[in-house]
Every structure is written in structure tokens, then in C-alpha cells.
Amino acid sequence: MIYKHKMALFILTLFSIFATFFMFSCKSTQKQDINAAGNEANVEGAEGVSIPLPKREKLSYFSSIDKQLFKLALDSSPDSLKKMASSMYKTGVNEEAENTLLYIAYSIMEIVWPSESISWTLPSAVPPSQYPGIIDTARQGFYDSSTDNSDFFALILPSLVLFTNFSRNDYYEEAENSLKLALEEAPSSSLVNYMLGTLYYRKGDYSNSSIYLTRVLENMQNSREILYAVAQAMYKAEDYKKALDFSSQLLALNGQNINALKLCSEASAALGDYAGAEDYVMRVLQLEPENMEFVLLRAKILIHGGDYIKAASLLDVYARSGLNSKDYLLLRSLLQKEWNRNNTMAADTMNRALAQYPDDAEILLYSAKLASEANVSIGGRTALSLVASLLEQAPDNIEAKKIAVTEMNKSGQNQEAYALSKDLLEQNADDKEILCSHVEVCLTLGYIDEALDIATSLYEEDKESEALQQLYLKVLVATGRRQEAGAMITELMEGSNSKMKSFLFYQKSLLDTDSDTILSDLRSSLTANPRNRDSLYRLYRIYYNKKDWRRAQYYLKQVVALNPSDSEVLALNAELDTLLGK
């Protein structure tokens with residue numbers, strides 16, 4: 001009995017010990033669960049007061065780095081990286097994270113800031129981590145999507161590919177998201193702002209690109225990389241004055257910088273300073289006489305400056321090099337059109353260009369302009385068809401819409417032309433070219449009051465403009481304001497150049513009522529300018545209506561000579577051949 005009593009007492013004691021341990025264990029587990037919940041977990045005191053627990057932060061790979069040194073690393077400008085490396089080497093580089101950070105800094109200097117010297121040597125042994133792999137992937141031209149985005153450098157290092165591969169674009173959205181997250185951590189980081197500015201430039205968002213790059217420039221005013229990037233973005237954003245300013249600053253740092261010279265020349269040309277543009281190009285050709293890109297650029301500048309003879313010889317030099325670029329074809333066609341006055345040759349050149357670059361926006365736009373002005377087809381397509389293809393790519397292209405309005409109006413789609421023209425005016429109310437085109441559409445539709453209001457307003461703004469004088473006079477004649485039109489013709493006739501006199505005589509012929517006076521004014525128009533198509537065509541119509549086929553063809557053939565590819569005029573000439581029994 002005593003033995004059984006002792007055994008029961010032992011079992012009871014053992015059970016009590018286990019029960020106490022179990023209760024303590026549960027409380028401990030509960031407390032750990034509460035701690036794991038972070039700041040949102042609370043512990044209730046005796047009086048019901050909630051006490052927030054401190055948040056447990058995940059330790060960064062670089063958490064052991066001195067905060068001031070890491071702040072320099074976050075900026076990642078050449079100066080900040082040099083200061084960081086210098087401080088580390090002074091105190092001695094012993095830690096794994098320090099060696100890794102020095103390797104990252106060295107790689108950034110090599111890839112992003114190639115014009116800067118590196119003041120420290122590459123660590124002899126790079127500790128194992130994800131960062132060297134990310135950098136190696138970027139060097140090979142790929143964006144590393146496998147990073148865990150655990151810290152600042154994991155977010156930004158994949159975007160080093162922006163400076164090693166200039167053709168890939170399949171990572172832009174991911175890179176943008178990561179860089180914006182990094183920017184939240186370091187808003188003033190030179191590297192992150194530079195990367196975002198570069199990314200937006202690649203995406204064609206030159207406005208945003210300029211914003212980010214300009215931020216970097218505030219602290220890196222003498223950086224060759226940043227000056228060039230800002231100048232490029234400003235040029236693409238069509239702020240040619242700033243583009244010239246920044247590229248000139250870059251040129252002051254290095255007078256033989258080819259990229260700066262090119263930007264200076266292109267910006268000068270865009271500002272209409274062709275003499276200045278040619279000076280910059282000549283400096284490039286002195287450094288690199290065989291540089292065909294700049295031979296072509298000089299030809300472009302000369303064409304826009306009206307020096308066609310020199311431009312032609314430079315295009316011949318370029319052609320003999322065996323090259324056949326898009327820019328060469330555009331310039332050759334422009335020269336044939338403006339200097340040779342040969343729309344057939346110009347159209348043939350653009351046939352080649354369209355065959356090689358069927359979807360290129362610049363080729364499509366120029367082909368459409370040429371087809372519209374010369375009334376020819378290019379690549380078997382009309383101007384309206386070419387414009388339609390361009391507008392599929394770029395629905396907001398203003399130049400394409402201008403051509404579309406002209407072509408719709410010519411082809412009888414007058415209401416469609418009017419609607420598109422009104423839409424253009426709503427977006428570009430001060431564009432004189434659009435306003436003048438709208439006047440033509442209004443005249444076609446007989447919207448006399450609207451045409452007169454616009455033409456009068458334009459003329460009152462600039463009475464010395466020959467183009468606006470012609471437009472206003474044309475509207476006066478078309479609206480039957482004979483007295484005003486006659487007085488204006490008399491006033492303008494004295495002192496006018498030959499082309500203006502030819503225009504004035506043609507308009508006067510439209511006011512005449514006597515057939516002999518009409519013929520006399522049309523002949524005076526052709527005396528002043530034998531290439532006046534309107535006067536030649538009207539004489540053809542006069543003699544055609546009189547059934548004087550021979551004289552009609554005499555004038556029509558001169559119209560054909562001005563544009564041998566004009567299918568409509570060729571058809572009229574073929575009709576006269578039939579009537580004359582040829």
C-alpha cells in the first residue's frame with residue numbers, strides 16, 4: 001500500500017510539472033506570435049492600454065557600411081564614388097560588404113561614366129553575392145529580371161544595360177518601375193535620375209527625359225555624359241536653342257568632341273543658322289575627312305542653305321562610297337526636286353527609298369509631300385494612301401494631317417477635308433500654314449464669309465508677307481470683290497518681283513470680262529514667269545473651249561514639261577493627241 005501511495009504521489013507530481021511547463025510554453029509562443037506581427041500587434045496591460053512593439057527591420061546586405069559612405073554610394077556620381085572609395089581605403093577595407101560596394105562603384109564608373117578616371121583599383125577578390133552577376137548580365141546587353149529587389153542596388157543595377165545595349169527595349173516597363181522605387185529611397189541620386197532620363201529618351205518621351213537629366217546637371221555641370229544627354233533630349237524635344245547651348249558647353253570642355261560638334265551643327269541648322277552649322281561640320285571633317293556621315297550632313301546643310309552645286313558634289317562623293325542610307329535618298333530626292341526641277345527623278349528616288357524603308361515615318365512623310373505637290377504616285381501609291389499609312393503609326397502627326405486636308409480637298413472629299421482642317425485648327429489655332437490651307441478648303445466649299453474672315457485677319461497681321469498678300473487677293477477675287485482686288489493689284493504691281501507680277505496678272509485675268517484683255521493678261525503673266533502653271537493651264541482651257549486643239553496642246557505640253565509624271569495632265573494631253581489625229 002505504501003508503495004502504491006508513493007507511486008501515485010510521484011505520478012501526480014510529474015503531471016503537475018508537465019502542466020506548468022505546457023502553460024509556460026503556450027504563453028511564450030503567444031508572445032512570439034505577437035512580436036512577429038510588427039507594429040500592428042499590441043500587448044494589453046492591466047489597464048487596457050495598447051503598447052506598440054518596435055518594427056523588426058530586415059537587415060540589408062550593406063547595413064554594416066557607414067551611413068555617410070553609403071549615402072555617397074546612393075548618389076553614384078563620379079565625385080561621390082571617388083570620395084567613398086578614398087574614405088574606405090584610408091580606414092582599410094576589411095568587410096565583405098565594403099569589397100562588394102567598391103566592385104559595384106568601379107563597374108558603375110566603367111559603364112556609366114567612361115570619360116571619368118577611376119581613382120582606385122578593382123578589389124582582387126569579390127565576395128559571392130547577387131550583385132556581380134547582375135552587372136555581368138548588363139555588360140552582356142541583357143536586363144536581369146531575376147533579382148530579388150531587396151535593396152537599392154538590386155533595383156538599379158539591371159538598368160546598367162541602358163549603357164551597354166542600345167537596341168533592346170523589352171525591359172523598359174520593368175526598369176521604369178524599379179528605378180522609380182529606387183528614386184523613392186534616394187530622390188537626389190545622380191545615377192537614378194540619369195538612368196530614368198536615359199530610359200525616357202529611349203522611349204521617345206523627350207520632355208520627361210529633359211526633366212530628369214536637368215536635375216542631374218544641377219550637381220554635375222561639367223559632366224560630359226550629362227551635358228551630351230541633356231543636349232540630345234533638348235534637340236529631340238525641338239528646343240534647339242537649349243540644345244545648342246548645352247552642346248556648346250560640352251564643346252568648351254573638349255573642342256574635338258565629335259558628338260558635340262554634330263549636335264551643334266544640327267541645332268544651328270534647325271535654328272536657320274546654316275553658316276554656323278557648316279562651320280561645325282567642317283571642323284568634324286578636318287578631324288575625320290572620310291567620315292561619310294558628316295559629308296552627308298554637310299550636304300543637307302548646303303541644300304537647306306540653297307547651295308545646290310556644292311551639295312550635289314558631296315552627294316556624289318557619298319554615293320561613290322557605296323553607301324545608300326535613308327538620309328542620302330531623302331537628300332538626293334530633295335535636290336532633284338528643288339534644283340533639277342525634275343519631279344520624275346525625285347519620285348524614282350523615293351520609289352527606291354520606300355522599297356528599302358516601307359514603314360519609316362520620315363520616308364512616308366516626304367513621299368506623301370512629294371506625291372501631293374507633284375501630283376504623282378510613289379511606290380504605286382497616292383499621297384493620300386501614303387499619309388494614311390503614316391497616320392496609322394502616328395495619329396497625331398500634324399504634317400501628315402496637313403497633306404491629308406490638301407489631298408481630300410483636291411480629290412473632291414471636301415466635307416472630310418473641312419472637318420479634318422477644323423480639327424487641326426482647334427489644336428493649332430496660330431499655325432499660319434493650317435489657316436491658309438483652311439481658306440482654300442472654304443473657297444472650294446463656297447464658305448465665303450469664313451474664308452474672307454481668316455484671310456483678312458492674316459493679312460492685317462502681316463501686310464508685307466508676299467504669301468499672305470497672295471492669299472488675301474485670291475479671296476477678294478474669288479468672292480467677287482472686284483474693286484478692292486483691282487486696287488490691290490495696281491498697288492502691288494509696282495516694284496514686285498517677276499513671280500509676284502506673274503501672279504498678279506493671272507489674278508487680273510480672272511477679273512477681266514473681255515476675252516482679248518484676258519488673253520493679254522495671261523500672256524503678260526507668262527512673260528513675267530514662263531513657268532506659271534496656272535496661267536499655262538488657263539490658256540489651255542481657253543483654246544480647248546474654242547476647239548483650237550493645236551494651241552490648246554501648245555500650252556498643255558508646257559504644263560506637262562513642268563511635271564512629266566502628272567497623270568491627270570498626261571491624260572488630257574493624250575485626249576488632244578486623239579483629237580489632232582496623232
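At 13% relative accessibility, Gly276 falls under the 20% cut-off and so counts as buried. This glycine sits in helix α13, which runs over residues 274–287. Its C-alpha atom is 7.1 Å from that of Ser265, a residue 11 places away along the chain. All of this, like everything below, is read off a predicted model.

Stepping back to the whole chain, the fold is helical for the most part in its element count: 30 helices against 2 strands. Of the 582 residues in the protein chain, 43% are buried. Take the contacts between residues at least 6 apart in sequence, and 50% of them join residues at least 24 apart. As for confidence, the average pLDDT of the protein chain is 87, and 89% of the residues score at least 70. Residues 1–58 are another matter, with a pLDDT below 50; this stretch has 22 contacts in the model beyond near neighbours in sequence.

Next, the packing. In soluble globular proteins, nonpolar side chains tend to be buried together. Here the largest nonpolar core has 158 residues, and Ile108, Phe153, Ile156 and Leu157 are the ones with the most contacts inside it. Helix α4 (residues 96–112) provides the largest share of this core, with 11 residues. Apart from that core there is another one, of 19 residues, including Tyr544, Ala552, Tyr555 and Val560. Back in the largest core, Phe153 makes a good case to look at up close. Leaving out residues up to four places away in sequence, Phe153 touches Phe62, Phe70, Ala73, Ser76, Leu101, Ile104, Ile108, Tyr131 and Pro158. One of these partners, Ile108, is also among the residues with the most contacts inside the core.

Then there is the empty space. The second largest pocket has a volume of about 1900 Å³. Its lining takes in 44 residues, and those nearest the centre of the pocket are Tyr235, Tyr240, Lys300, Asp327 and Glu362. By type, the lining splits into 22 nonpolar, 6 polar and 16 charged residues. A run of helices contributes to the wall: α8 (190–202), α10 (224–236), α12 (258–270), α14 (292–304), α16 (326–338), α18 (361–374) and α20 (398–410) each supply at least two lining residues. Of the lining, the largest share comes from α12, at 8 residues.

Two residues stand out for their backbone angles. Arg341 has a positive phi of about 55° despite not being a glycine, and its place is the loop between α16 and α17 (343–356). Arg341 counts as partly exposed because its relative accessibility is 48%. Lys547 also has a positive phi, of about 65°, and is not a glycine either. This lysine is in the loop between α28 and α29 (549–562), and at 60% relative accessibility it counts as exposed.

A few more sites fill in the picture further along the chain. Ile454 belongs to helix α23 (residues 448–461) and counts as buried, with a relative accessibility of 15%. Not counting residues up to four places away in sequence, Ile454 touches Leu435, His438 and Val439. For the pair Ile454 and Val439, the C-alpha atoms are 6.9 Å apart, with their positions 15 residues apart in sequence.

Asn529 is likewise at 15% relative accessibility and so counts as buried, although this asparagine is in a loop, the one between α27 (515–528) and α28 (533–545). Once neighbours within four places in sequence are set aside, Asn529 is in contact with Ser498, Lys499 and Ser502.

Finally, Glu568 has its place in helix α30, residues 567–579. With a relative accessible area of 55%, Glu568 is exposed. Its C-alpha atom is 9.2 Å from that of Val376, even though the two residues are 192 apart in sequence.

Methods: Residues numbered from 1 in each chain as written. Predicted model: local features only at pLDDT ≥ 70, side-chain atom pairs only at ≥ 80, totals over all residues. Heavy atoms only, no water. Helix = DSSP H or I, 4+ residues; strand = E, 2+ residues; numbered from the N terminus. Buried < 20%, exposed > 50% of the residue type's maximum accessible area, 1.4 Å probe, protein only. Contact = heavy atoms within 4.5 Å. 1 Å grid on protein atoms, 1.4 Å probe; cavity = no way out; pocket = protein on both sides within 12 Å on 5 of 7 lines; lining within 4 Å. Points joined across faces, edges and corners; volume = space filled by probe spheres on them. Nonpolar A, V, L, I, M, F, W, Y, C, P; charged D, E, K, R; others polar. pLDDT = per-residue confidence, 0-100. Core = buried A, V, L, I, M, F, W, Y, C linked by side-chain atoms within 4.5 Å.
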